Amino acid sequence: MKKTSLAAAAAILIALAPGAHAQWVVIDPTNLAQNILTAANTLEQINNQIKQLQNQAQSLMNQARNLTSLDFSALAELRATLSATNQLIQQAQGLAFNVSQMETDFRRLYPDSYSAATSGTQMATDARSRWRNSLEALRTATKVQSQAVQNFAADERTLTDLVNRSQSAVGALQATQATNQLLALQSRQAMQAQQLQITQDRAAALEQARQVAVQERAREVRRRFQGDGTPYTPAVVNFYGN
């Protein structure tokens with residue numbers, strides 16, 4: 001049997017060991033086998049506990065990495081570039097972007113028709129104001145375009161930093177934060193494109209409105225030139241009585 005074999009082998013090793021006494025030593029094979037099995041079981045339990053501790057330590061390390069925050073934020077830079085473009089729009093001259101103020105100015109400068117009470121000087125002044133509005137709208141659109149081009153370099157640097165930090169993220173939290181900032185960059189660029197589209201559409205709309213107002217002014221000027229009396233009717237004149 002296994003236990004008896006282990007005990008016998010242990011007894012032989014003890015007997016052959018250097019310095020052993022020549023006399024026989026009485027050994028309980030059953031007790032020796034039980035002690036060896038107990039020691040083996042204890043060693044196995046210790047190894048299992050060591051593995052459990054190693055797994056727990058690795059789990060804690062992974063949790064620590066997953067909870068490590070990203071030490072980089074591009075939010076301030078993104079807000080600064082967006083604010084720069086917004087300031088250009090707010091500083092725009094000409095027709096206001098404010099809805100109520102715009103409605104009042106538009107109704108005055110771009111009337112559906114001119115009445116007879118409107119003086120020629122007033123119509124000329126309004127025409128000058130309309131031309132000025134179109135010019136300022138075009139100037140604002142070109143400024144926003146220039147600002148968008150300047151933002152390209154900053155966007156490229158920010159994109160490179162965020163991609164590098166996302167790829168080198170040590171945990172889930174850092175990867176998520178880097179991804180969120182990449183989405184913020186994309187949103188900022190979309191908002192900038194919307195701002196640019198607004199200024200371009202505004203310039204086109206004001207120019208179209210100016211052309212319509214020019215036609216209406218020309219119609220009124222022509223009506224005043226012709227007057228309200230009987231229009232001239234051409235007739236043949238015979239100077240020689242023939």
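**Exercise 1. Place glutamine 195 in this predicted model: in which helix is glutamine 195 found, and does it count as buried or exposed?**

Step 1. Find the element. Glutamine 195 lies in helix α6.

Step 2. Check the accessibility. Its relative accessibility is 11%. Buried means under 20%. Glutamine 195 therefore counts as buried.

Step 3. List the neighbours, leaving out residues up to four places away in sequence. Glutamine 195 touches Leu82, Thr85, Asn86, Ile89 and Val144.

**Exercise 2. Do the same for threonine 85: in which helix is threonine 85 found, and which residues does threonine 85 touch?**

Step 1. Threonine 85 belongs to helix α3.

Step 2. The relative accessibility of threonine 85 is 1%, so this residue counts as buried.

Step 3. Again skip residues up to four places away in sequence. Threonine 85 then touches Val144, Gln147, Asn151, Gln192 and Gln195.

Step 4. Cross-check the two lists. Val144 appears among the contacts of glutamine 195 and among those of threonine 85.

**Exercise 3. Describe how α3 and α6 pack: at what angle, and how far apart are their axes?**

Step 1. Two values are needed. A packed pair of helices is described by the angle between the axes and the distance between them.

Step 2. Read them off. Helix α3 covers residues 75–90 and helix α6 covers residues 172–226. Their angle is about 5°, and the axes are 10 Å apart.

Step 3. Classify the angle. Angles under 35 degrees count as roughly parallel. So α3 and α6 are roughly parallel to each other.

Step 4. Name the contact residues. From α3 come Leu75, Leu78, Thr81, Leu82, Thr85, Asn86 and Ile89. From α6 come Gln181, Ala184, Leu185, Arg188, Met191, Gln192, Gln195 and Thr199.

Step 5. Sort them by character. The contact has 7 nonpolar, 7 polar and 1 charged residue.

**Exercise 4. Find the aromatic pairing: how many aromatic pairs does the structure hold?**

Step 1. The structure holds 1 aromatic pair.

Step 2. Check its geometry. The ring centres of phenylalanine 106 and tyrosine 110 are 4.6 Å apart, and the ring planes lie at 20°. The pair is therefore stacked.

Step 3. Check the cover on each partner. Phenylalanine 106 is partly exposed, at 31% relative accessible area. Tyrosine 110 is buried, at 6%.

**Exercise 5. Summarise the whole chain: how many helices and strands does the chain have?**

Step 1. Count the elements. There are 6 helices and 0 strands. Along the sequence the pattern reads α-α-α-α-α-α.

Step 2. Gauge burial. Of the 242 residues, 23% are buried.

Step 3. Look at the surface. The chain exposes about 17200 Å², and carbon and sulfur atoms supply 57% of that area.

Step 4. Look at sequence separation. Take contacts between residues at least 6 apart in sequence; 81% of them join residues at least 24 apart.

Conventions. Residues are numbered from 1 along each chain as its sequence is written. This is a predicted model: local features need pLDDT of at least 70, side-chain atom pairs count only at pLDDT 80 or more; totals for chains, interfaces and linings use all residues. Side-chain values use heavy atoms; hydrogens and water are left out. Axes are lines fitted to C-alpha atoms, for helices over the stretch in contact, and angles run from 0 to 180 degrees between N-to-C directions. Helices (H or I, at least four residues) and strands (E, at least two) are DSSP runs, numbered from the N terminus. Angles under 35 degrees count as roughly parallel, over 145 as roughly antiparallel, 65 to 115 as roughly perpendicular and the rest as oblique. Contact means heavy atoms within 4.5 Å. Ala, Val, Leu, Ile, Met, Phe, Trp, Tyr, Cys and Pro count as nonpolar, Asp, Glu, Lys and Arg as charged, and the others, Gly among them, as polar. Buried means under 20% relative accessible area, exposed over 50%, partly exposed in between (1.4 Å probe, protein chains only). Accessible areas come from the Shrake-Rupley method with a 1.4 Å probe; for residues, only the protein chains shown count as cover. Rings of Phe, Tyr and Trp (its six-membered ring) pair if their centres lie within 6.5 Å; planes under 30 degrees apart count as stacked, over 60 as edge-to-face and the rest as tilted.
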